[in-house]
Amino acid sequence: MIKIYTDAATKGNPGPTGLGVLILADKNQIQLTDTLAMADNHQGEFAAAEFGFDYLRSHYPDEQTILFYTDSRLLSDAVGKNYAKHYKDELERLSAKMDHFPTVVTQWVPEKENTGAHHLANQALSSIE
């Protein structure tokens, strides 16, 4: 079982965006960051999740169970309902990446329970300011 926490930090809305991903697997912690030149906060949240699932797909076997945590209510609801009114393309891309694994459990968590990914996203954002 792998736990993945994702978050995005945007300066302005839209604006430069930092992506943070924290992965807990096999008693290891993997910290990932990336940036986007321009995104709104919701696009950033989807991009952070895609970034994390890209990493999982390239580094772990298909049969893994994934516990996916996000503090974005819009993202967790979109994944749960398989519907996003304004972020259809982003949801389709993310869903295709998530479908690589047989079981992905998505859960919304309060920001205080997502501090690792939050700090990584802010770290990435500060690198482009």
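**View 1. Strands β2 and β3 meet side by side in this predicted model.** Let's start with β2, residues 15-25, which is joined to β3 by ten bridges. The two strands run antiparallel. One pair to look for is I23 and its bridge partner in β3, I30.

**View 2. Five strands make up an open sheet.** Reading across, their order is β3-β2-β1-β4-β5, and the pairing is mixed. At the edges you will find β3 (28-39) and β5 (103-108), each pairing on one side only. On average, neighbouring strands of this sheet are turned by 20° against each other, direction ignored. As a reminder, strands of a sheet pair through backbone hydrogen bonds, either parallel or antiparallel.

**View 3. Helix α1 lies across the strands.** Residues 41-59 form this helix, which lies across β1 (2-10), β2, β3, β4 (65-70) and β5. Follow its direction and compare it with β1: α1 runs at about 145° to that strand. A second helix, α2 (residues 73-81), also packs on the sheet, where it touches β4 and β5. The direction of α2 makes about 145° with that of β5.

**View 4. Helix α2 has a buried side and another with exposed residues.** Its buried residues are L75, S76, A78 and V79. These four sit on the same side of α2 because they cover an arc of only 160° around the axis. On the other side, G80 and K81 are exposed. The buried residues of α2 pack against α1, β4, α3 (88-98) and β5. Just after the helix comes N82, with a positive phi near 55°.

Definitions and conventions
Residues numbered from 1 in each chain as written. Predicted model: local features only at pLDDT ≥ 70, side-chain atom pairs only at ≥ 80, totals over all residues. Heavy atoms only, no water. Pairing = 2+ DSSP bridges. Axes fitted to C-alpha atoms, helices over the stretch in contact; angles between N-to-C directions. Contact = heavy atoms within 4.5 Å. Buried < 20%, exposed > 50% of the residue type's maximum accessible area, 1.4 Å probe, protein only. Arc of directions from axis to C-beta.
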